[in-house]
Amino acid sequence: MDNEFRELYQEVILDHNRSPRNWGKLEHPTHQLEGENPLCGDHYTFYLQVEDGVVKDVRFEGQGCAISKSSASVMTEYIKGRKIDEIDHYFELFQRLVRGEVDPNDYLDELGKLAVFAGVSEYPMRVKCAILPWHTLHSAVHGKHGSKMSNQSDH
C-alpha cells in the first residue's frame, strides 16, 4: 500500500471511530440484528428501515475496535438508499477487498471511501473486525439470526 493510500486509510479509520455516522438506535426498525466477535469483544446492534427492498435508514450502536466501528460507520453511509441486491454485491466485494483478493484501484469508482479498507489486508487478524458489520447487515436483510464470528470461521 502506498503512503498516500495508507494516510487516507488511517484518516478514515480515525475519523469514523471518533465520530461514527448513523450512531444510535433507530425507532421502529423493520430489521434489527446483533453481531459480535467474541475473540476481540466487537459487539454491535444494527437497525434498518427497509421499504420495497431499499434501505431507507440504518443506525447502529455498540462497542468495538477502531476498525470495526469505522467499517460499520462507513458501511451505514454507503448502504442508505441502496437496494438489497446492490448491498449483496458490495458485501461480497468488500470481503474480497479486505482479504486482499482484489486491487482497490480497479474498483475505486465503485467503492468510493470503502476502498481505503483495502489496508486491512495488511493486518490479517483485523479482517474479521472490518467484516463483522457487513456480515451482520447481510444477515439482517436476509432474515437470518445473530452474526457471530469465531476463530475457525473464514467469514
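## Exercises on a predicted chain

Asn 22 lies in the loop between H1 and S1. Helices (H or I, at least four residues) and strands (E, at least two) are DSSP runs, numbered from the N terminus. The model is predicted: local features need pLDDT of at least 70, side-chain atom pairs count only at pLDDT 80 or more, and totals for chains, interfaces and linings use all residues. Residues are numbered from 1 along each chain as its sequence is written, and side-chain values use heavy atoms, with hydrogens and water left out.

### Exercise: positive phi

**Task.** Find the phi of Asn 22 and the phi of Asp 52, then decide whether Asn 22 is buried or exposed and do likewise for Asp 52.

**Solution.**
- Start with Asn 22. Its phi is near 60 degrees, a positive value in a residue other than glycine.
- Check the cover. The cut-offs are under 20% relative accessible area for buried, over 50% for exposed, and partly exposed in between (1.4 Å probe, protein chains only). Asn 22 has 13%, so it is buried.
- Move to Asp 52, in the loop between strand S2 (42-51) and S3. Its phi is near 50 degrees, again positive in a residue other than glycine.
- Asp 52 has a relative accessible area of 80%, so it is exposed.

### Exercise: fold and size

**Task.** Write out the order of elements in the chain, then test the chain against the radius of gyration of a compact globule.

**Solution.**
- Count the elements: five helices and four strands.
- Read from the N terminus: α-β-β-β-α-α-α-α-β.
- Apply the globule rule, 2.2 Å times the number of residues to the power 0.38, with the radius of gyration taken over C-alpha atoms. For 155 residues a compact globule would come near 15 Å; the chain has 14 Å, which agrees.
- Add the box: along the principal axes, the C-alpha atoms fill roughly 45 × 35 × 30 Å.
- Add burial: 48% of the 155 residues count as buried.
- Finish with contacts (heavy atoms within 4.5 Å). Of those with a separation of 6 or more, 58% join residues 24 or more positions apart.

### Exercise: salt bridges

**Task.** Say how many salt bridges the structure holds, and trace the network that includes Glu 77.

**Solution.**
- Set the criterion: a side-chain nitrogen of Lys or Arg within 4 Å of a carboxyl oxygen of Asp or Glu. The search of the whole structure finds five salt bridges.
- Take Arg 21 and Glu 77. Their closest N and O atoms are 3.9 Å apart. This pair links distant parts of the chain, 56 residues apart: Arg 21 in the loop between helix H1 (3-18) and strand S1 (31-37), Glu 77 in helix H2 (residues 66-79).
- Check exposure. Arg 21 is at 23% relative accessibility, so it counts as partly exposed. Glu 77, at 35%, is partly exposed as well.
- Take Glu 77 and Lys 113. Their side chains meet in a salt bridge of 3.7 Å, N to O. Lys 113 sits in the loop between helix H4 (108-111) and helix H5 (127-141), 36 residues from Glu 77.
- Join the partners: shared salt bridges put Asp 15, Arg 21, Glu 77 and Lys 113 into one network.
- Turn to Lys 80 and Asp 57, with closest N and O atoms 3.3 Å apart. Lys 80 is in the loop between H2 and helix H3 (84-98), Asp 57 in strand S3 (residues 54-63), 23 residues apart.

### Exercise: cysteines

**Task.** How many disulfides does the structure have, and why does the sulfur of Cys 65 make no bond to that of Cys 129?

**Solution.**
- Use the cut-off: a pair of cysteine sulfur atoms within 2.5 Å. The search finds zero disulfides.
- Cys 40 is in none; the nearest cysteine sulfur, that of Cys 129, is 4.1 Å away.
- For Cys 65, the closest cysteine sulfur is also in Cys 129, at 3.7 Å, which is too far for a bond.
- Compare cover. Cys 40 is partly exposed at 40%, whereas Cys 65 counts as buried at 18%.

### Exercise: confidence

**Task.** Which element has the lowest mean pLDDT, and which the highest?

**Solution.**
- Recall the scale: pLDDT is the predictor's confidence in each residue, from 0 to 100.
- Take the average: 88 for the chain, with 90% of the residues scoring at least 70.
- Rank the elements. Strand S4 (residues 147-148) has the lowest mean, 54, and S3 the highest, 96.
- Inspect residues 149-155. Their pLDDT is below 50, and the stretch has 18 contacts in the model beyond near neighbours in sequence.
- Apply the caution: where pLDDT is low, predicted coordinates should not be read in detail.
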